[in-house]
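Let's walk through this fold together, one helix contact at a time. Keep the viewer open so you can find each residue as we reach it.

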Amino acid sequence: MIEPRVITGTEAGAPAARPPRPRPFALPVPLAVSAGGVLGALARYGLSLALPHARGAFPWATFLTNVSGCLLIGVLMVLAGEVWAGRRLLRPFLGVGVLGGYTTFSTSVVDVHQAVAAGAPGTALAYLGATVTGALAGVWAGSALTARLLRTRGRRP
């Protein structure tokens with residue numbers, strides 16, 4: 001029995017495919033994330049100084065930081081995808097850096113724990129529910145309102 005022979009592209013006259021080159025370390029991306037993170041953390045710290053709270057009280061600074069950060073993440077994702085699509089460092093700088101440094105969901109867990117330890121489980125539960133609900137609503141509202149605004153201005157999201 002004769003085995004069929006497959007002719008490769010090289011045998012047929014096509015140039016041999018080169019193996020993919022390893023991608024070099026992209027230094028601008030971690031630099032953008034780092035610079036943005038510093039700015040976001042400074043903004044969060046400033047808000048915590050402006051709105052301090054006692055142990056067991058509702059932590060308004062952390063709540064407002066997380067909800068406003070989520071709203072801005074929703075805005076950013078629509079704008080980055082529709083308006084500023086070709087800007088390589090925009091999402092790392094603003095999304096991961098600034099807004100990642102600004103929002104602080106780990107602190108919200110500490111705030112819940114501190115409220116329970118201070119004898120305010122009702123405040124802890126209310127804060128936990130409001131944070132999750134507010135964060136999800138913030139992302140949704142930011143993206144929905146930005147997309148709607150772009151549609152009214154003639155851009156398509």
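**A walk through the helices**

Start where helix α1 meets helix α3: their crossing is right-handed (the near helix is turned clockwise from the far one by less than a right angle; anticlockwise would be left-handed). This is a predicted model, in which local features need pLDDT of at least 70 and side-chain atom pairs count only at pLDDT 80 or more, while totals for chains, interfaces and linings use all residues. Residues are numbered from 1 along each chain as its sequence is written, and side-chain values use heavy atoms, with hydrogens and water left out.

Helix α1 covers residues 28–50, and its axis comes within 6 Å of the axis of α3, at a crossing angle of roughly 30 degrees (axes are lines fitted to C-alpha atoms, for helices over the stretch in contact, with angles from 0 to 180 degrees between N-to-C directions). On the α1 side, the contact is made by Val29, Ala32, Val33, Ala35, Gly36, Gly37, Leu39, Gly40, Ala41, Ala43, Arg44 and Leu47 (contact means heavy atoms within 4.5 Å). From α3 come Pro92, Phe93, Val96, Gly97, Val98, Gly101 and Tyr102. By class, the residues of this contact between α1 and α3 are 13 nonpolar, five polar and one charged; Ala, Val, Leu, Ile, Met, Phe, Trp, Tyr, Cys and Pro count as nonpolar, Asp, Glu, Lys and Arg as charged, and the others, Gly among them, as polar.

Which residues of α3 are buried? They are Leu90, Pro92, Gly95, Gly97, Val98, Leu99, Gly101 and Tyr102 (buried is under 20% relative accessible area, exposed is over 50%, and partly exposed lies in between, with a 1.4 Å probe and protein chains only). These buried residues of α3 pack against α1 and α2.

Now step back to the whole chain. The protein chain has five helices and zero strands (DSSP runs numbered from the N terminus: H or I with at least four residues for helices, E with at least two for strands). Along the sequence, the pattern reads α-α-α-α-α. Of the 157 residues in the chain, 29% are buried. Among contacts with a separation of 6 or more, 77% join residues 24 or more positions apart. The accessible surface is about 10500 Å², and carbon and sulfur atoms account for 68% of that surface (Shrake-Rupley method, 1.4 Å probe; for residues, only the protein chains shown count as cover).

Helix α1 has a second partner in α2. The axes of α1 and α2 come within 8 Å and cross at roughly 145 degrees, and the crossing is right-handed. Arg44, Leu47 and Ser48 of α1 meet Ala61, Leu64 and Thr65 of α2. This contact of α1 with α2 holds three nonpolar, two polar and one charged residues.

Next, follow α2 (residues 60–82) over to α4 (residues 105–117). How do these two helices pack? Their axes are 10 Å apart, at an angle of about 150 degrees. That angle makes α2 roughly antiparallel to α4 (over 145 degrees; under 35 is roughly parallel, 65 to 115 roughly perpendicular, and the rest oblique). The crossing of α2 and α4 is left-handed. Thr62, Asn66 and Cys70 of α2 touch Phe105, Thr107, Ser108 and Asp111 of α4. The contact of α2 with α4 includes two nonpolar, four polar and one charged residues.

Pause at Asn66, which sits in α2. Is Asn66 buried or exposed? Its relative accessibility is 0%, so Asn66 counts as buried. Setting aside residues up to four places away in sequence, Asn66 touches Thr103, Thr104, Phe105, Ser108 and Thr131.

Thr104 lies in the loop between α3 (90–102) and α4. With a relative accessible area of 6%, Thr104 is buried. Not counting residues up to four places away, Thr104 touches Arg44, Thr62, Thr65 and Asn66.

Finally, look at two more positions. Gly138 belongs to helix α5 (residues 121–152) and is buried, with a relative accessible area of 6%. Beyond its neighbours within four places in sequence, Gly138 contacts Val67, Cys70 and Leu71. The C-alpha atoms of Gly138 and Val75 are 9.5 Å apart, with their positions 63 residues apart along the chain. Arg88, in the loop between α2 and α3, is partly exposed at 48% relative accessible area.
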